[in-house]
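Work through the following exercises with the sequence and the model side by side. Try each task before reading its solution.

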Amino acid sequence: MVRIRFKVNGETKSLEVEPNELLINILRNRLGLIGTKYVCGIGECGSCTVMLDGEPVLSCLTLAVDIDGREIVTVEGLSTGDGLSEVQRAFIDEGAIQCGFCTPGFLIMGEYLLKEKPKPTEEEIKEYLRGNLCRCTGYVNIIRAVKKASDLKHAGR
Ligand code: FES
Ligand code: FES
């Protein structure tokens, strides 16, 4: 076992992990952060995406030992206080959620995109979300939601 220390959603954690233990299993099974979804398990769907030091990573392909000394943000860390983030609000408003398995990954990537490109074009939205698969809603509502979140952020709401 290896001891790791890291921050998740602003809280410092210390855990003993197996050298081959995956980040997604730490998040879901040991920290109770079940918002991050395990879907394909082979890096194909994007549902397990979390932020690692501000960059998106697939937690189904990331070893827990590799987060030692680093900072994770999961979907649970996106809301501000008891309010939803603009991206979360826009996904609800635009009907971009159905079963919800893909949603945490889209929300993380949506937040990342708007940090990198506050006013993205439709092409840029498609480019950033190309690694995230949704089987339910299609992508029209999701793209519309990201555009709306950009507008909400600019309106300062
Ligand atoms: S569960 Fe990680 S990419 Fe699908
Ligand atoms: S809402 Fe079901 S997979 Fe996207």
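**Exercise 1. Decide whether T103 is buried or exposed, and list what T103 touches beyond its neighbours in sequence.**

Begin with the scale: a residue is buried under 20% relative accessible area, exposed over 50% and partly exposed in between, with a 1.4 Å probe and protein chains only. T103 has a relative accessible area of 6%, so T103 is buried. This is a predicted model, in which local features need pLDDT of at least 70 and side-chain atom pairs count only at pLDDT 80 or more, while totals for chains, interfaces and linings use all residues. Residues are numbered from 1 along each chain as its sequence is written, chains are lettered from A and ligands numbered from 1 in the order in which they are written, and side-chain values use heavy atoms, with hydrogens and water left out.

Next, place the residue: T103 lies in helix 3, where helices (H or I, at least four residues) and strands (E, at least two) are DSSP runs numbered from the N terminus. Finally, look for contacts, that is, heavy atoms within 4.5 Å. When the neighbours within four places in sequence are set aside, T103 is in contact with F91 and I97.

**Exercise 2. Check the length of helix 3 against its expected span, and explain why helix 3 can be called largely enclosed.**

The expected span of a helix is 1.5 Å times one less than its number of residues. For the 14 residues of helix 3 (residues 103-116) this gives 20 Å, and the end C-alpha atoms are 20 Å apart, so the two values agree.

For the second part, go through the helix residue by residue: T103, P104, G105, F106, L107, I108, M109, G110, E111, Y112, L113 and L114 are buried. Because twelve of the 14 residues are buried, helix 3 is largely enclosed by the rest of the structure. The partners of these buried residues are strand 3 (49-52), strand 4 (55-58), strand 5 (71-73), helix 2 (86-93), helix 4 (122-128) and helix 5 (140-155).

**Exercise 3. Describe how helix 3 packs against helix 5 and against helix 2.**

Two packed helices are described by the angle between their axes and the distance between the axes. The axes are lines fitted to C-alpha atoms, for helices over the stretch in contact, and the angles run from 0 to 180 degrees between N-to-C directions.

Take helix 5 as the first partner: helix 3 and helix 5 pack at an angle of about 45°, with their axes 11 Å apart. Angles under 35 degrees count as roughly parallel, over 145 as roughly antiparallel, 65 to 115 as roughly perpendicular and the rest as oblique, and helix 3 and helix 5 are therefore oblique to each other. The residues that meet are F106, E111, L113 and L114 from helix 3 and I142, V146, A149, S150 and K153 from helix 5. By class, this contact of helix 3 with helix 5 has six nonpolar, one polar and two charged residues; here Ala, Val, Leu, Ile, Met, Phe, Trp, Tyr, Cys and Pro count as nonpolar, Asp, Glu, Lys and Arg as charged, and the others, Gly among them, as polar.

Now turn to helix 2: the axes of helix 2 and helix 3 come within 9 Å and cross at roughly 125°, which makes helix 2 oblique to helix 3. Helix 2 contributes V87, Q88 and F91 to the contact, and helix 3 contributes T103, F106, L107, G110, E111 and L114. Sorted by class, the contact of helix 2 with helix 3 holds five nonpolar, three polar and one charged residues.

**Exercise 4. Find where E94 and E71 lie, and state how accessible each of them is.**

E94 lies in the loop between helix 2 and helix 3, and E94 is buried, with a relative accessible area of 19%. Apart from neighbours within four places in sequence, E94 is in contact with N141, R144, A145 and K148.

E71, by contrast, is found in strand 5 and counts as partly exposed, at 35% relative accessibility. With the neighbours within four places again left out, E71 is in contact with K7, G10, M51, L52 and D53. The C-alpha atoms of E71 and R5 are separated by 9.5 Å, although the two residues are 66 residues apart along the chain.

**Exercise 5. Which phi values do N9 and D53 have, and where do these residues lie?**

N9 is not a glycine, yet N9 has a positive phi of about 50°; its place is in the loop between strand 1 (2-8) and strand 2 (11-17). D53, also a residue other than glycine, has a positive phi near 50° and is placed in the loop between strand 3 and strand 4.
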